[in-house]
Amino acid sequence: YYDFAGEPSPLYREVTVEGTRRILRELQQFKVKQFIFSSSLLVMKPVEEAEEPLTEQSPTEAQWDYPKSKLQAEAVIRRNHGHIPAVILRLAGVYDEDCHSLPLSQHIRRIYERKPESYFFPGDADHGQPFVHLDDLTACIRNVIERRDDLGAFELFLIAEPDVMSHQELQERLGELIHGRQWPTFRLPKSLAKVGAWAREKLTGGESFIKPWMIDLADDHYPVDIRRAQERLNWHPQHRLRETLDEMIQRLKSDPARWYQINGLPVPEALEVGV
């Protein structure tokens, strides 16, 4: 369960945590060769500027309810997997050529529609979040299953592309692809950004994607070392977000209504806006 509104919900515990506990408890009566859990890289403590990339041994620091529920479910699996071999995959944000990533589609939408807020960012623009293409994730899960007899009783892997685009890189590339020019980024003080996010949320009746609580996470940086997945799973991601953006934006520009609909976004009245 997840909800980008950021509001507390009993479903995080009822579905993600207790649901996992119930499944593992009932599976103990069967012969199960492997249990795979899709966790999130957001359970990790963000990396400071001079620190090494994240590894499976890096500390955790879940900062809001969604990653907290993932981390709690991981703990349940560690304690309750019993005789069932368990694999936890801490996944980066998943995307494909149609986007299908809520944070990424919102970023693209802001620039495509030339929204004023598209120029401002309350964090370090040299920091970034990792992603992984859906096809590469599928290949990873297949490799996990195929190697189930070679893996240990409990395994943990970080799954992401090793190439992380910073907010600045992503901003400039999207501007070039959508409007034919780089899209500048101006740093906004967090206090002012929170006021703006709060006001916009009130004006839109809660429909604004950017919530005040997200502002404190804007500096988070997640470079990832995936050598363990490469060595143990023979997993080598073939896609890179920076290379897929061309096709992603081409699909947006060729059929904006379809792109908005499949990404769950409200279709603007003038579909030619921003083109």
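Trainee: Let's start with Tyr2: buried or exposed?
Mentor: Keep in mind that this is a predicted model. Tyr2 has a relative accessibility of 52%, and the cut-off for the top class is over 50%. So Tyr2 counts as exposed.

Trainee: And which class does Tyr66 fall in, buried or exposed?
Mentor: The cut-off here is under 20% relative accessible area. Tyr66 comes out at 16%, so Tyr66 counts as buried.

Trainee: What kind of aromatic pair do Tyr2 and Tyr66 form?
Mentor: A search of the whole structure turns up eight aromatic pairs. For Tyr2 and Tyr66, the centres are 5.8 Å apart and the planes are at 65°. Planes over 60 degrees apart get a label of their own, so this pair is edge-to-face.

Trainee: How many residues apart are the two partners of that pair, Tyr2 and Tyr66?
Mentor: Tyr2 sits in the segment before H1, while Tyr66 belongs to helix H2. The pair therefore links distant parts of the chain, and the separation is 64 residues.

Trainee: Which residue joins Tyr2 and Tyr66 in a cluster of ring pairs?
Mentor: Look in the loop between E1 and helix H2 (65-80). The residue there is buried, with a relative accessible area of 11%. Ring pairs link it with Tyr2 and Tyr66, and its name is Trp64.

Trainee: How far apart in space are Trp64 and Leu42?
Mentor: In sequence, 22 residues separate Trp64 from Leu42. In space, C-alpha to C-alpha, the distance is 9.1 Å.

Trainee: What do the end C-alpha atoms of H2 say about its span?
Mentor: H2 has 16 residues, and the expectation uses 1.5 Å a residue. The expected span is 1.5 Å times one less than the number of residues, which means 22 Å for H2. The end C-alpha atoms agree, being apart by 22 Å.

Trainee: Which elements do the buried residues of H2 pack against?
Mentor: The buried residues of H2 include Tyr66, Ala73, Val76 and Ile77. Polar names are on that list as well, among them Ser69, Lys70 and Glu74. The elements they pack against are helix H1 (11-27), E1, E2 and E6.

Trainee: Which residues of H4 are buried, and why do they line one face?
Mentor: An α-helix has 3.6 residues a turn, so residues three or four places apart point the same way. In H4, the buried residues are Asp136, Leu137, Ala139, Cys140, Asn143 and Val144. Seen down the axis of H4, they fall within an arc of 160°, so they line one face of the helix.

Trainee: What covers the buried residues of H4?
Mentor: Several strands take part, including E1 (35-40), E2 (86-91), E3 (93-95) and E5 (131-133). Strand E6 (154-159) is also one of the covering elements. The cover includes a helix too, namely H7 (227-233).

Trainee: How many residues does the largest nonpolar core have?
Mentor: E2, H4, E6 and H7 each supply at least two residues of this core. The residues with the most contacts inside it are Leu89, Phe157, Ile159, Leu233 and Trp235. The size of the largest nonpolar core is 24 residues.

Trainee: Which residues does Phe157 touch, leaving out those up to four places away in sequence?
Mentor: The list mixes nonpolar and charged names, as Glu56, Arg90, Arg228 and Arg232 are among them. The others are Val87, Ile88, Leu89, Leu151, Ala229 and Leu233.

Trainee: In which sense do E2 and E6 pair?
Mentor: E6 is mostly covered, with five of its six residues buried. Across the pairing, Arg90 stands opposite Leu158 in E6. E2 and E6 are joined over six bridges, and the sense is parallel.

Trainee: Over in another loop, is Ser101 buried or exposed?
Mentor: Ser101 is in the loop between E3 and helix H3 (102-112). Beyond its neighbours within four places in sequence, Ser101 contacts Val94, Tyr95, Phe131 and Asn263. Its relative accessibility is 6%, so Ser101 counts as buried.

Trainee: What share of the 275 residues in the protein is buried?
Mentor: The protein has nine helices and seven strands. Of its contacts with a separation of 6 or more, 80% come from residues 24 or more positions apart. The buried share of the residues is 47%.

How values were computed:
Residues are numbered from 1 along each chain as its sequence is written. This is a predicted model: local features need pLDDT of at least 70, side-chain atom pairs count only at pLDDT 80 or more; totals for chains, interfaces and linings use all residues. Side-chain values use heavy atoms; hydrogens and water are left out. Buried means under 20% relative accessible area, exposed over 50%, partly exposed in between (1.4 Å probe, protein chains only). Helices (H or I, at least four residues) and strands (E, at least two) are DSSP runs, numbered from the N terminus. The arc is that of the directions from the helix axis to the C-beta atoms. Contact means heavy atoms within 4.5 Å. A nonpolar core is a set of buried Ala, Val, Leu, Ile, Met, Phe, Trp, Tyr and Cys residues joined through side-chain atoms within 4.5 Å. Two strands pair if DSSP finds at least two bridges between them. Rings of Phe, Tyr and Trp (its six-membered ring) pair if their centres lie within 6.5 Å; planes under 30 degrees apart count as stacked, over 60 as edge-to-face and the rest as tilted.
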